[in-house]
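This report introduces a protein structure to a reader who has not met it before. It begins with aromatic rings and then turns to helices and loops.

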Amino acid sequence: IAGKGDLLHESIESYLSKYRQEISDEDVTIQGGIIRLKLHGRRTNLKSQLLLGFFSVGRAIQKSSYPFREVQIIIYYEIKESQQLAVTAGVEKVLKLTQGRLSSEQFFNEIGY
């Protein structure tokens with residue numbers, strides 16, 4: 001899985017860099033069929049960061065043959081003290097979002113956010 005993780009990390013990092021979002025090697029992890037992406041953000045743009053995270057992971061998954069079950073995006077942000085938001089979605093829904101078969105509004109409704 002180490003090689004797959006590196007390729008996924010590169011693909012995700014490349015897409016996120018277009019939106020001035022940086023990630024480190026530890027920010028993309030794969031465990032038990034779940035791919036996790038950790039992002040750092042501001043309280044004011046959590047929904048757009050979630051969308052960017054799911055979309056970038058979805059693009060990377062399309063190029064992968066690894067059987068992922070879920071995608072989890074974790075956003076760390078500050079409001080007086082450190083907080084985090086974790087949202088998980090099934091791979092099928094993430095791929096539909098990435099392929100344009102679900103709008104962002106439909107996607108968030110389906111995952112209950």
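Two rings of Phe, Tyr or Trp (its six-membered ring) are taken as a pair if their centres lie within 6.5 Å. The model described here is a predicted one. A search of the whole structure on that basis yields 6 aromatic pairs. In the pair formed by Tyr66 and Phe68, the ring centres are 4.7 Å apart and the planes stand at 55 degrees, so this pair is tilted. Phe68 has a relative accessibility of 9% and therefore counts as buried, the cut-off being under 20%. Elsewhere, ring pairs join Phe54, Phe107, Phe108 and Tyr113 into a cluster.

## Helix H4

Two members of that cluster belong to the next topic. Helix H4 spans residues 104-111, and its buried residues are Phe107, Phe108 and Ile111. Viewed down the axis of H4, these buried residues fall within an arc of 95 degrees, so they line one face of the helix. A general rule of helix geometry is relevant here. An α-helix has 3.6 residues a turn, so residues three or four places apart point the same way.

Which elements do the buried residues of H4 pack against? They pack against helix H2 (46-62), strand E4 (81-90) and helix H3 (91-98). Just after H4, Gly112 adopts a positive phi of about 75 degrees.

## Helix H3

The buried residues of H3 are Val91, Val94, Leu95, Leu97 and Thr98. Around the axis they cover an arc of only 155 degrees, which puts them on the same side of H3. Their packing partners are H2, strand E3 (70-79), E4 and H4. Just after H3, a positive phi of about 80 degrees is found at Gly100.

## How H2, H3 and H4 pack

The table sets out the geometry of the helix pairs.

| Helix pair | Angle between axes | Separation of axes |
|---|---|---|
| H2 and H4 | about 90 degrees | 12 Å |
| H3 and H4 | roughly 170 degrees | within 10 Å |
| H2 and H3 | about 95 degrees | 8 Å |

H2 and H4 pack at an angle of about 90 degrees. That angle makes H2 roughly perpendicular to H4. On the H2 side the contact is made by Lys47, Leu50, Leu51 and Phe54, and on the H4 side by Ser104, Glu105, Phe107, Phe108 and Ile111. By class, the residues of this contact of H2 with H4 divide into 6 nonpolar, 1 polar and 2 charged. Phe54 of H2, Phe107 and Phe108 of H4 are thus named in this contact, and they are also among the rings of the aromatic cluster.

The axes of H3 and H4 cross at roughly 170 degrees. H3 is therefore roughly antiparallel to H4. Lys93, Val94 and Leu97 of H3 and Ser104, Phe107, Glu110 and Ile111 of H4 make the contact. The contact of H3 with H4 comprises 4 nonpolar, 1 polar and 2 charged residues.

For H2 and H3, the angle is about 95 degrees. This makes H2 roughly perpendicular to H3. From H2, Leu51, Phe54, Phe55, Gly58, Arg59, Ile61 and Gln62 meet Val91, Val94, Leu95, Leu97 and Thr98 of H3. The residues of the contact of H2 with H3 divide into 8 nonpolar, 3 polar and 1 charged. Val91, Val94, Leu95, Leu97 and Thr98, which meet H2, are the buried residues of H3.

## Helix H1 and the loops

Glu13 lies in helix H1, which covers residues 2-17. Is Glu13 buried, partly exposed or exposed? Its relative accessibility is 31%, so Glu13 counts as partly exposed. Glu13 and Ser64 are 51 residues apart along the chain, and their C-alpha atoms are separated by 15 Å.

Arg20 is found in the loop between H1 and strand E1 (28-31). The phi of Arg20 is near 60 degrees, a positive value in a residue other than glycine. With a relative accessible area of 80%, Arg20 is exposed.

Lys63 is placed in the loop between H2 and E3. Lys63 is likewise exposed, its relative accessible area being 63%. The C-alpha atoms of Lys63 and Gln31 are separated by 18 Å, with their positions 32 residues apart along the chain.

How values were computed
Residues are numbered from 1 along each chain as its sequence is written. This is a predicted model: local features need pLDDT of at least 70, side-chain atom pairs count only at pLDDT 80 or more; totals for chains, interfaces and linings use all residues. Side-chain values use heavy atoms; hydrogens and water are left out. Rings of Phe, Tyr and Trp (its six-membered ring) pair if their centres lie within 6.5 Å; planes under 30 degrees apart count as stacked, over 60 as edge-to-face and the rest as tilted. Buried means under 20% relative accessible area, exposed over 50%, partly exposed in between (1.4 Å probe, protein chains only). Helices (H or I, at least four residues) and strands (E, at least two) are DSSP runs, numbered from the N terminus. The arc is that of the directions from the helix axis to the C-beta atoms. Contact means heavy atoms within 4.5 Å. Axes are lines fitted to C-alpha atoms, for helices over the stretch in contact, and angles run from 0 to 180 degrees between N-to-C directions. Angles under 35 degrees count as roughly parallel, over 145 as roughly antiparallel, 65 to 115 as roughly perpendicular and the rest as oblique. Ala, Val, Leu, Ile, Met, Phe, Trp, Tyr, Cys and Pro count as nonpolar, Asp, Glu, Lys and Arg as charged, and the others, Gly among them, as polar.
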